[in-house]
Amino acid sequence: MRDVLKILEQNARALPEDIAIRTGRTTTEVEDGILDLEKNGVIRRYKTVIDWERYGDEKVYAYIDVSVTPQRGAGYDDIAKRIYRYPEVRDVCLVSGGHDLRVVVIGTGIKEVANFVAEKLATLENVTATNTHFLLKRYKEDGDVFVETHTDARLMVSP
Amino acid sequence: MKPLNQTVLATPQSGIRRFFDIAQQMEDVVSLGVGEPDFVTPWRIREAVIYALENSRMTYTANAGMIDLRQAVCAHTFGRYGVHYSPETECLITVGVSEAIDLALRTILNPGDEVLYVEPCYVSYHPGIGFAGGVPVAIPSRGDEGFSVRPEDIRTAITRKTKAILLCYPGNPTGATLSRENLQQIVDIAVEHDLYILSDEIYDRLVYNGEHVCVPSLRGAQERTILFNGFSKTYSMTGWRVGYALGPADVIAGMLKIHQYSMLSASSIGQVAAIEALRHGEADVREMIEEYNQRRRYFVNGLREAGLECPEPSGAFYAFPSIRNTGLTSEEFAEGLLMSEKVAVIPGNAFGPSGEGHVRCSYATNFEQLEKAITRIQRFMNRLPTHNLNIPTLTAKL
């Protein structure tokens, strides 16, 4: 079902009958397959990629490197959980390198994000340091390029 | 002034050209008339060329092509098909497959030698044979047989002047492939009559049912076959103009002689791109093949739902539906569709008389465009004369 997943990854609204034609399966096979993938958590949810800036919304994204002291018995998991439960936190990943966690926070302004970091994140027990990078311009996200549109430069007819 | 060369004067303008002139001037055209991939050349290939532009002088290369590229081509061919070629003596890098075929024809033909080729086919074969001094002999293939040529039809067409058989599977414009058994029979016929085989395998990676059969890998074939391939279709590199020929050392040496006097070498930029394509392009190729396959299924299904009989194309990126049930000729159908619904397809007779009754539709375009095309073709079909609509007759204007 990898081919089905790849189609849905590109277009969550693709209809089972269209997917069936494209992949050479029956509609029932596709519908049942998708249901199974939803049930066992391979398909986690269907979402839409939105260019909020183009829509007119001001959103501030911050990429925050967080250094933490791992806890005995839980490692990084408990502190990660305490961070990802905040709704303004979009991503939390454990990463290699000079810091431990890479956290992405969304807010409506720099002040809001700064306050979150200063008051919530930096003050958490076991967080030893934070380093905040504000997003200035988005070029590409999840495989979608935001800054250019593709035009077909080919000749209209060729042999 | 004295008249131009007779062969040139006698060669008609390509049937495709007329559609190009009209379609190019129209707006909002969905073009299914494009014989090249819609994907942009993979970034890793373009980036390798940018780096090379900054760091090397881009001089002429060896006449036969950069040795790194020839080695990569031979290794690639051995890896995929188990056929061994020497990079030093049996491989020539050319300006696309078109130049390679021209060189091969000029190398093997004497004036009046006949070359058999299967129709409908790529538009250059017939004139190319003529320009090389040969006599083109078309072997028609049939839509109801999936445009797979019958080996016995080839045998029947052989005369004492026959010098070579030109094959192209998977084929443009039909998308047809040929079974291993049929290809072996054709090779056996070539052996029996001591003929060269020119095998244009530019669409070798675009095979959707089963594996591609590389002609020189067949029993008795390699010593008499010149294999052509290139980077245009597989790696979406049409404009880079890089192809290659693999074949017996004496034929390649002859081709090299013409190539070095007329072309010097293929472009160094294109060759750099080709090396990168062979070394690191496989992941991109697989993505493109899967995408073409999905488009193929979707588009053929759409054509059939619109009421056109369409044999399943098993290779390349073309569908070649029959339009006979409309009562129109290929040109009338293509012109009517273009003028009334702004969908450009190529009339089948542009690829030889046996293409009449069909149109070539390239599905090398994105799903959005394909969906639009299917909707428009459906509308066109619903308004055909059987539904009391007159198709505008525009032949006179062309």
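Biologist: Buried or exposed: which word fits Y292(B), and which fits F317(B)?

Modeller: Buried means under 20% relative accessible area, exposed over 50%, and partly exposed in between, with a 1.4 Å probe and protein chains only. By that rule Y292(B) is buried, and F317(B) is too. This is a predicted model, where local features need pLDDT of at least 70 and side-chain atom pairs count only at pLDDT 80 or more, while totals for chains, interfaces and linings use all residues. Residues are numbered from 1 along each chain as written, chains are lettered from A and ligands numbered from 1 in written order, and side-chain values use heavy atoms without hydrogens or water.

Biologist: How many aromatic pairs are there over all chains?

Modeller: A pair of aromatic rings is described by the distance of the centres and the angle of the planes. Rings of Phe, Tyr and Trp (its six-membered ring) pair with centres within 6.5 Å; planes under 30 degrees apart are stacked, over 60 edge-to-face, the rest tilted. The whole structure has 13 such pairs. One of them, F147(B) with F320(B), is edge-to-face, at 5.3 Å between centres and 70 degrees between planes. These two residues are 173 apart in the chain: F147(B) is in the loop between strand 4 and helix 7 of chain B, F320(B) in the loop between strand 9 and helix 12 of chain B. F147(B) and F320(B) are both buried. Y292(B) and F317(B) make a tilted pair, with 5.3 Å between centres and 35 degrees between planes. Y292(B) belongs to helix 11 of chain B, and F317(B), 25 residues away, to the loop between helix 11 and strand 9 of chain B. Helices (H or I, at least four residues) and strands (E, at least two) are DSSP runs numbered from the N terminus. Y292(B) and F317(B) also belong to one aromatic cluster with F39(B), Y203(B) and Y318(B).

Biologist: Which strands pair with strand 12 of chain B?

Modeller: Pairing takes at least two DSSP bridges between two strands. Strand 9 of chain B runs antiparallel to strand 12 of chain B, with 2 bridges, and A319(B) stands opposite C361(B). Strand 11 of chain B is likewise antiparallel to strand 12 of chain B, through 2 bridges, with P347(B) opposite V359(B). Both faces of strand 12 of chain B are covered: V359(B) and C361(B) are buried on one side, R360(B) and S362(B) on the other.

Biologist: Where does R22(A) lie?

Modeller: A charge sits over a ring when NZ of Lys or CZ of Arg is within 6 Å of the ring centre and within 35 degrees of the ring normal. R22(A) lies over the face of F367(B), 3.6 Å from the ring centre. R138(A) lies over the face of Y61(A), at 4.3 Å.
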